[in-house]
Structure formats: structure tokens, C-alpha cells
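Colleague: I should like a close look at a single part of this model, followed by whatever else helps to place it.

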Amino acid sequence: MSEAGGGRVCGCPVPLRAPWSLVAATAALCLVSATSVWTAGAAPMSREEKQKLGNQVLEMFDHAYGNYMEHAYPADELMPLTCRGRVRGQEPSRGDVDDALGKFSLTLIDSLDTLVVLNKTKEFEDAVRKVLRDVNLDNDVVVSVFETNIRVLGGLLGGHSLAIMLREKGEYMQWYNDELLHMAKQLGYKLLPAFNTTSGLPYPRINLKFGIRKPEARTGTETDTCTACAGTLILEFAALSRFTGATIFEEYARKALDFLWEKRQRSSNLVGVTINIHTGDWVRKDSGVGAGIDSYYEYLLKAYVLLGDDSFLERFNTHYDAIMRYISQPPLLLDVHIHKPMLNARTWMDALLAFFPGLQVLKGDIRPAIETHEMLYQVIKKHNFLPEAFTTDFRVHWAQHPLRPEFAESTYFLYKATGDPYYLEVGKTLIENLNKYARVPCGFAAMKDVRTGSHEDRMDSFFLAEMFKYLYLLFADKEDIIFDIEDYIFTTEAHLLPLWLSTTNQSISKKNTTSEYTELDDSNFDWTCPNTQILFPNDPLYAQSIREPLKNVVDKSCPRGIIRVREENFRSGTKPPLRARDFMATNPEHLEILKKMGAASSIDAEDGLRFMQEMIELSSQQQKEQQLPPRAVQIVSHPFFGRVVLTAGPAQFGLDLSKHRETRGFVASSKPYNGCSELTNPEAVVGKIALIQRGQCMFAEKARNIQNAGAIGGIVIDDNEGSSSDTAPLFQMAGDGKDTDDIKIPMLFLFSKEGSIILEALREYEEVEVLLSDKAKDRDPEMENEEQPSSESDSQNQSGEQSTSASQEFDLVDQESPEESSLDSHPESFSQADADSAVSISPVEQTSHPTENHETPSLDGECTDLENQPQEQSETEEDSNPNVSWGKKVQPIDSILADWNEDIEAFEMMEKDEL
Ligand code: DMJ
């Protein structure tokens, strides 16, 4: 911020007047909201329609929050399939992901400020009282410093920020005496020992009761942390310092940021994914804007907005320049190596990067934001949700989706920036998909596999902290929110911190801040921060015109990948390089090319390196695909109506469900339950899907016994109590080494936890009907309508509890038998309820199973648009960029092999990486 008081946010001059609120209002929407100027393009959405969608979001929040409060609280999270709380230590460990759970009622704390944004002031007041009464921050639990900071410290501070806002208004929270802030401070002190390293980078984990060092702590031996883990503290820590006057928090967070900045790779200005907290060496040298780094960049820009310290903006701009130079290949964002930034480190993207278009809006760089967002939206349209990772040719790389909010966040910011009603339609689709595919009777369940539509017994707290906030705000007009949202900045967990903090306790800032900066050539970004007042009235179709060329980027994507084409264009006239997926060991020409790699020229060397990388990725991907060919068991009878989908393993014998065949039937337990001898209850299983326990004989033997008894299918349930597909890899049930052609019925395998959901349902409802398939069928729309309050209903007045009981009332009242149910009137859903025979349904849509869809690589016309995008320009830049001249030298074979080894290690690490 300039001394004169004027400022610049993303290149836009900001006059001084109540400086920070203005800066943030401008930065929060560097572009003046263009809602009112929209005149063409996507049809405008009426106020009624927006209100209807806003009410739908409120009802959905009630469903999620109400079920958490009723069935899980005070546990950290709701398990929406088994309808109970997730208590750490009582469930099988899921690894790092459990480090967010500190036995501190995580979801309640993470939801606090969402309640106020959604106008649920009364519920907020109740929730704050519950936090003060019930939450203990002194548990003997090892938690992630990063997650505890963004979710719990951020949640308490967001709650405090809005509590004092309400208190000032004079109606609610009059009793409030800053208790949430006191808790936040207590938690802040608990996190501080994590910073006791020579570098100032925090340990990744801490024991809430015993800290780091004590023997009881069970932590403190880690050497590495992720960049985002160390670089996403400043907003919460500075807010804590400024609210309380205790400067230490802001100082520690600044020191960690300073260290990361010092360690940036000096020629590329990029940072790696993981860093050694003692030596400061980069452990993983790949660099992107998604998993492991994402919110580090976010916090640099937002720290500038909240704290007004120029150094943060300068750092952000330096990194942003590097990101746009190396990582951004619109519409893609692809990881590169920090030392070799022209070399892609992956051929896939992760879902966390979906926040980046939102950050670009804050920066004011709208064009690439629109492009990347559009690409992501097309992936979503294909799979209903954004898979955790997807390839450059938009195939699923990692099929899970834990209801992440990043895409909704970017949609909100893009709508605010452009005023384009297209983004309201995008939001509407997100709402529809959540209700259609993730909503279960007891909340919303994460997707285990977006291809099959199967669920995971998981509803992360960020779903309530972020998703509902952004979706509600997307459709809300100013008067729908009881305070001015532009007076606040969103943390990475969407908690709200007031911008007036920038002028409070300012004296603590600027300590420990390095002041040496490279002069940034930002001439590439002269066009950033366009003022929409200028841009949109002149061209109201601006956003649409950017999206248009990308309209079919996913459907018509060229399977060889967009990035690859740029290299081939670059070397036009020469033979395209050999790609790993095309390689055949029996092809002499291929072997000849392979021999040449690394020996003749730098281009061959690059080809060799890339070839090795691709081979490693390809083989690990193929391994994954072979390990995990999931199938779905969907419970279709009342009260599930297809909403609960369980991940199942297939069998190497019997009916192949992947060949467009599905089997539907009621379930019955076989006797003996292990199915290892002739069944004694054939009358119970005839025409049904038999449930059999794993163990004591071969899978094929069980299949024959139930088939002989007249079963139309079988589900083998694991005998290993507590096992779950959440924690164990799925496998295929093998045959018995003999000919299994006699087995005609489909057989699926469920781990014990998923199996117990069916057994539980059978105990409770007696008649339980399931669908065995390779991909869940759509849920029945009519049932959804019955279950959810009509859009006209004023769900704003419903409390979470009321909403829950309404949903339960539905469960109890609607007791019609499956045969009579209105499902029958929906042939495309579950209308064929003839339990006497297996039913084949017309082929289901084949989404991109990685093993399928390997079209022949081609450079035909449908890829041309994308191939001719600015990549050629990048090549020219590469030529002239002294920093990347390494790529043009002839590298000796030894050095190439050393590089290969390094890259192989990096890729192996990447495989282990948690998103
Ligand atoms: C949230 O907890 C935060 O947004 C974090 O920065 C990364 N992403 C998760 C939700 O996906």
C-alpha cells in the first residue's frame, strides 16, 4: 500500500477512504459487480427463481446441519450412511484425513458463521452456546495444524466476528462477552509449539493436550510439511493477534511465510509441494495451484487485502507471473517442476485447483478464470461432480468426490465479477446434482466414485462451512443478507474476517518481513483487473465469448492431450515423438526411437524423459484401474429410493455387470450364512439376491450354492468386522481355478461396513430391494420432490431440527410397499420391480472408465481449436527465456538418467500423496 494512502489492488488504483474496507470491497470484487448491466447472453434469472434456489439451499443446509446435530453432535462429523457421529478412534483410521478430527465438535464450529450468512440467527445463538458449553480444546488427540487452523480457529474467529456484528445491531447475542475469541486464543496458544523449528515452518501435527515434544505427544518426529500447510495461517493468526492484541500469532505466521518466500525456486519463482521443516529443502519439487500449495497463494493475496502490507501483494504477483507463465495452459492448469518449469510434472489435474478461478477474480484476471471454470464445469457435466483428479483429456484419474466446495466458490466469484446469469445456471446444476446424487436420508454423502455414483460414509465439515455459504450467496441479493458481506474477507474455509482488522493493532505488522523483491515484469498482465463498468457495458457477451470456443472441450477432447499438441505443432514437419501409451516393445521402430532418446539432441532427451514419466504414470494408473474396477449396490426400496449407493467389488465369474447389465431384486440372508453348503432356506432366497458371508470356502462355491437355491444374484459380505472400502482397497473375487461358466448370476463383494448397511436395513424394513450394476441409476425425481419441501415453502423459518423431523416424518408416513410406490411411474428409474427374475435394463451411459475410451490418438479437426490456443506463443517465450535454456542444451545420458531417477522418485512420492 503506498504511503500516500492510495492503493492498488490487482493493478486498479484505489483511492483512500476508509482504506481497507474499500480496498477489500474492490478486491473482493476487484471488478465492480456487473449484475445490473447484463443485457444479453444467457437468459437473466428472475428474482423469484433466485429466491426459489436460495430457499432450496436453505433447506439443503437444514438437512445437512439438522442431521449432524441430531445424529452426530457432539462428534466431529456426521456419517450420513450409518447416521451417526464419526468419533476418532472408534472408526477404522482413514489416515491423514482423520487428522482434522480433534474431538472438538468440528462440524458445529465450522458451521457457525454459515448460520449467520443463511439468516439463521436464532440457530447461531444456540450453536454458540453449545460450543461454549460443550467444546473441549484440550483433548489428547494429534491433529493437523493446518486443518485445525482453517476450520477450528477460523470457525471460532468467524463466529466471533459475526457475533460482535450481531451484538452491535442490538437484537441478538446481547449476552455475548467475546467467549469465542477467548477460545480462539486458547487454541492459538495450543498451536504455537508447532512453530518451534529452526525454520519457523510449523510441524504438520500437534497433540492438543501435550503439544509436540512430550513423550505422550505421539508427534513431533515429522520432517516435512506441505507448502499450503505452512503458508495458510496468516489470516487466522493475524486476525487473532489483532482482535486480542497478542502479537505473537501474527509474528509466527509471518515468519513462516517469509521462510517460504526465501525458499522459492529463484529462477522459476515457483514453490514445491512439500518442504523439509528443518532444512528448508524442497522434498517434492513439483508445483501447481492445487493440492499441497493452493491456499499458500490464496493467503498471500488475501493477506494483502486484510493487512494492507505491500510485501504480500508483491510476493503474490511474482508467483502469479510464474503460474501464468508455466502452469497455466488455458483452460488447463498443469503441475510443472520448479527447476524445469517447462516440463509438465503430471498429465492430470486435481479438484482442489477449482478454487483458482475465484482467486483470479480477486486478482482481476478474468479471462483465464472464465476459461478454467468452463473447462471444470464441463468435467462436472460429464461426471455430475468434479472427480478428485482427472487427466488432461478429461478422463477420471481419481474417482472420489468428497463434496468439495471449490468450484461453487469460483462460480460465486465469477458471477459477482461478470454478472453473467450463466453462472446462476451453473449454481442451479450444482444444487440439482447434490440433491440427486449425494443426498441421503441422513444428510449428504461424499461420492466414493463419481462413475458408479457410489457413496462414502462421510460428510466433511467444509461442506457446511463453504458449500452452502457460496451457493446461498450466489443467489442472494444484498437485502437477503443481514449484514454487508463486502465488509469481510473469506478465509480458505470461507470463514468471515472483518476488514476493519486492517486498521486495528497495526503496529504488529511489518516485523520479520523480508524486503528484497525481484522487479516483476508484469507486462503480460496489463489486461488484468479490467473494470467491468468499462468491459461489460461495451460487450455484455464478454464472458460468453471466452467460453464459446471451449464449449465442447471435454466431449470433443483429443485424447492425446492438449499440452502435447503444442510440442508437436512446434516441431511441425517432424515425426511426432513416441508416447508411452503408444509404445509397443515388439515394434522395432519404437525400440530404435527409444535407443536414440537422450543421445542425439535435446529434443530427444526431453522425449526420453517425458517417455519415462509417462510410463511410470501409465503403469501406476493401470495398476490402479486393475485394482479397482468398482461396482455399485444401490438400495432402491423405501426409504432409500436409490439414494444410498455402496461401493462393491466384482467377481471374475458370473454375470458381468459392466456389460450393460443390471440386476435388481430383494435381498435375503442365506442359511448357512457362509453359503458353503447346500442352502437350507431355498424358499427364502429364490428369486432374490442372497446375502452370504465371506470365508470358509471359495467365492465360486458360494455362488453355485445360492444359484442352485434359485437366487438371482449374490452379495458376499466381508467377515472381517469393521472393514470398509473407505480404508481397504477393493478387489475382484477370483474363481476357484476351475471352469466357472456354469455360474450365471452376478456376484458382488461388500466390505463389512457397507454390508452392515444392508443388513441393518433388512432388520429395520424387512423388505430391502437393491440394484446391482456398474453405475448407479438416477434417483427417482418424484420421490425427491416429496421428500424436499416445495420451493415455495419458507424454509428460512425452519430450524435445522424442524427440517430433520420433517424428513423423518416422511420416512415414517410414506410406508407404501415398493410395488405400489410411485417409482413405477418412472420407467427410466426403478420401474421394473419384478422380483422374480433378474432384469436387464438398457445400456447405461458409459462414462469414462479409464480402461475404456482409449480412442486412437489423432490430430483431427475436433482438436484444432484448442491446439491453436496460445501454446505456440509459450514456445516462443520458452525460446527466448534464459531461465529455461537448459531445455535446449544437449544433455549427456548420465545426467538424463540422474534426472529420470529424480523424476521417478518424485512420481512415486506423488502416488503416495494425499489430496
Ligand atoms: C477446505 O477445507 C479448504 O478450502 C482448504 O483450503 C482446502 N480444501 C478444503 C475443501 O475442499
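Colleague: Is Asn269 buried or exposed?

Modeller: The model is a predicted one, and the answer should be read in that light. Asn269 is buried, since its relative accessible area is 14% and the cut-off for that class is under 20%. The residue sits in the loop that runs between α9 (248–263) and β8 (274–276). Its backbone deserves attention as well: phi is near 60 degrees, a positive value in a residue other than glycine.

Gln696 provides a useful counterpart. Phi there is near 70 degrees, again a positive value in a residue other than glycine, and the residue is likewise in a loop, between β26 (689–693) and α23 (699–708). Gln696, however, is exposed, with a relative accessible area of 74%.

Two cis peptide bonds may be added to this account of the backbone. One joins Pro330 and Pro331, with omega about 5 degrees; Pro331 belongs to the loop between β11 (328–329) and β12 (332–333). Another joins Lys671 and Pro672, with omega about -5 degrees, and Pro672 falls in the loop between β25 (663–669) and α22 (682–685).

Burial also extends to charged side chains. Arg284 and Asp286 form a salt bridge at 2.6 Å, N to O; Arg284 is buried at a relative accessible area of 3%, and Asp286 is buried at 1%. The salt bridge of Arg47 with Glu479, at 3.9 Å from N to O, has another setting. Arg47 lies in helix α2 (residues 47–72) and Glu479 in the loop between α16 (461–475) and β21 (488–490), so this pair ties together parts that are 432 residues apart in sequence. Arg47 is partly exposed, at 27% relative accessibility, whereas Glu479 is exposed, at 60%.

As for the nonpolar interior, the largest core has 187 residues, and Tyr297, Leu434, Phe444, Phe468 and Phe483 are those with the most contacts inside it. Helix α5 (residues 145–169) supplies the largest share of this core, twelve residues. Leaving aside neighbours within four places in sequence, Phe483 is in contact with Val116, Val117, Leu162, Met165, Tyr488 and Leu496. Apart from this core lies another, of 26 residues, which includes Val633, Ile717, Leu750 and Val768. In soluble globular proteins, nonpolar side chains tend to be buried together.

Note on methods: Residues are numbered from 1 along each chain as its sequence is written. This is a predicted model: local features need pLDDT of at least 70, side-chain atom pairs count only at pLDDT 80 or more; totals for chains, interfaces and linings use all residues. Side-chain values use heavy atoms; hydrogens and water are left out. A nonpolar core is a set of buried Ala, Val, Leu, Ile, Met, Phe, Trp, Tyr and Cys residues joined through side-chain atoms within 4.5 Å. Buried means under 20% relative accessible area, exposed over 50%, partly exposed in between (1.4 Å probe, protein chains only). Helices (H or I, at least four residues) and strands (E, at least two) are DSSP runs, numbered from the N terminus. Contact means heavy atoms within 4.5 Å. A salt bridge is a side-chain nitrogen of Lys or Arg within 4 Å of a carboxyl oxygen of Asp or Glu.
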